[in-house]
Amino acid sequence: MCEKKKAPLGQGVLSMALANFDSWLRSPRTILMLLFIAAICYLQMCGYEMKLNETGYTMHLGETLFYEFKFGCNMPMTTVLFLIMVSELPRRIAYQQYSLIRSSRCRWMAAQLLYCLMMVVAMIALIALFIALMALPLVTHGNGWSDVARIASG
């Protein structure tokens, strides 16, 4: 009798996850969500600018990113937008049905989890990018932490 070799778990999982991620990126809903995320980041940076003006402090770009991520980058609103985006998991596309029929449940589930992880990493990277771009006019040039420079200068 012919014995069937079992393929490793990673084979096909990445291609299924990338296909899902690609369809997510090309969705009109994603483009609309990105516009809302950019608007939220803009509002967040306006508040940050007012806080800097009130206190009279200046910060470097690294400090600004750390500060904004420490306080959540308006987490309630971005979380709601992200949950609206992923409300359609798994995506109802023809490739999803094809991959479910052609692979095992374990591989399909691993691809869905990898797809979710890719979406989360992409959202965090986009928020960091939007904040960094909008912070460029507000930050001072240099690197390091401003408090260390303030203490050293007296």
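**Why these labels?**

Trainee: How many aromatic pairs are there by this rule?

Mentor: The count comes to one aromatic pair. Keep in mind that this is a predicted model, where local features need pLDDT of at least 70, side-chain atom pairs count only at pLDDT 80 or more, and totals for chains, interfaces and linings use all residues. Residues are numbered from 1 along each chain as its sequence is written, and side-chain values use heavy atoms, with hydrogens and water left out.

Trainee: What makes Y48 and Y67 a tilted pair?

Mentor: Rings of Phe, Tyr and Trp (its six-membered ring) pair if their centres lie within 6.5 Å; planes under 30 degrees apart are stacked, over 60 edge-to-face, the rest tilted. The centres of Y48 and Y67 are 5.5 Å apart and the planes are at 45°, so the pair is tilted. Y48 sits in helix α2 (residues 28-55) and Y67 in helix α3 (residues 61-70), 19 residues apart.

Trainee: Why is Y48 called buried?

Mentor: Buried means under 20% relative accessible area, exposed over 50%, partly exposed in between (1.4 Å probe, protein chains only). Y48 has 3%, so Y48 counts as buried.

Trainee: How do you know that R26 and D22 form a salt bridge?

Mentor: A salt bridge needs a side-chain nitrogen of Lys or Arg within 4 Å of a carboxyl oxygen of Asp or Glu. In R26 and D22 the closest N and O atoms are 3.0 Å apart, so the pair qualifies. A search of the whole structure finds one salt bridge.

Trainee: And why is R26 called exposed?

Mentor: Because its relative accessible area is 63%. D22, at 35%, is partly exposed.

Note on methods
Helices (H or I, at least four residues) and strands (E, at least two) are DSSP runs, numbered from the N terminus.
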